[in-house]
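Here is a short briefing on one protein chain. Take a look at the sequence and the model before reading on.

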Amino acid sequence: MATKNKFYTVWDGHTPGVYSSWKDCQIQIKNYLGAKYKGFPTKEAATEALNGNYWEHVGKQKKAAINKELLKKVGAPIMNSISVDAACSGNPGTMEYRGVLTHNKKEIFKMGPYQHSTNNIGEFLALVHILALAKRKGDKRPIYSDSRTAMSWVRNKKVKTTLKPNARNQDSFELVERALAWLQTNSYENPILKWETKAWGEIPADFGRK
């Protein structure tokens with residue numbers, strides 16, 4: 001999902017601090033294992049966050065408007081599950097994706113950033129990543145995604161993107177090919193479920209950069 005933030009706080013990175021663009025923030029977190037960062041709408045908010053604790057700000061994002069009628073229809077989400085999501089600054093732009101435990105947002109994996117990619121590709125890669133990981137561990141819990149496009153790509157074992165391969169996004173397309181090969185040669189038992197954002201708010205794996 002494209003970012004609307006103007007400032008980024010880097011708690012753990014090459015040089016912690018507040019940065020006024022995603023590009024500058026990316027320089028601080030690229031190839032830094034365990035980087036901790038988050039976007040904020042104002043410099044004041046980003047500076048205040050830097051002086052605080054990273055974990056106090058994880059998941060603090062604008063809540064989506066809740067549709068109470070839809071909530072009655074779909075019920076509550078399955079909390080003993082896994083949620084995946086992707087974020088992309090621009091379209092195409094800098095993309096990353098991750099998976100978390102639904103009930104407490106504990107991060108299971110986070111991949112990226114990848115250059116000149118798309119949110120749909122990230123959502124697809126996140127789903128296949130967790131399917132492969134879950135199969136290796138014998139984990140059959142449901143998996144939530146808020147992307148119908150990614151879910152259909154996984155179901156049909158085919159990626160329909162208008163993005164053209166180039167030198168900048170070679171790594172993304174290599175991952176896509178590996179993901180498709182995995183889907184062609186593996187089965188999985190995890191139900192892939194649609195996260196109902198209008199009823200439940202943002203998916204727990206959301207990057208919180210809206």
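Is S89 buried, partly exposed or exposed? S89 is partly exposed, because its relative accessible area is 24% and the buried class ends under 20%. Keep in mind that this is a predicted model. The points below start with S89, then move to the annotated site, one helix and the whole chain.

**S89**
- S89 sits in strand β4.
- K23 is 66 residues away from S89 in sequence. In space, the two C-alpha atoms are 9.4 Å apart.

**Annotated binding site**
- UniProt, in an unreviewed entry, lists D85 and D206 under "binding site". Such an annotation may be inferred rather than shown by experiment.
- These positions are spread over 122 residues of sequence, yet they cluster in space. The largest C-alpha distance is 5.7 Å.
- D85 belongs to strand β4, which covers residues 82–90.
- D85 has 0% relative accessibility, so it counts as buried.
- D206 is not placed in a strand or helix here, but in the segment after α7 (197–200).
- D206 is also buried, because its relative accessible area is 4% and the limit is under 20%.

**Helix α5**
- Helix α5 runs over residues 148–156.
- Which residues of α5 are buried? They are A150, M151, S152, W153 and V154.
- Several elements contribute to covering these buried residues. Among them are two helices, α4 (119–137) and α6 (170–185). Strands β7 (143–145) and β8 (192–194) are also included.
- K157 comes just after α5. Its phi is positive, at about 55°.

**Whole chain**
- How many helices and strands does the chain have? It has seven helices and eight strands.
- Of the 210 residues in the chain, 49% are buried.
- Consider the contacts in the chain with a separation of 6 or more. Residues 24 or more positions apart account for 67% of them.
- The chain exposes about 11300 Å². Carbon and sulfur atoms supply 51% of that area.

**To recap**
- Strand β4 holds D85 and also S89. D85 is buried, whereas S89 is partly exposed.
- D85 and D206 are the positions that UniProt lists for the site, and their largest C-alpha distance is 5.7 Å.

How values were computed:
Residues numbered from 1 in each chain as written. Predicted model: local features only at pLDDT ≥ 70, side-chain atom pairs only at ≥ 80, totals over all residues. Heavy atoms only, no water. Helix = DSSP H or I, 4+ residues; strand = E, 2+ residues; numbered from the N terminus. Buried < 20%, exposed > 50% of the residue type's maximum accessible area, 1.4 Å probe, protein only. Contact = heavy atoms within 4.5 Å. Areas by Shrake-Rupley, 256 points an atom, 1.4 Å probe, with all protein chains shown as cover.
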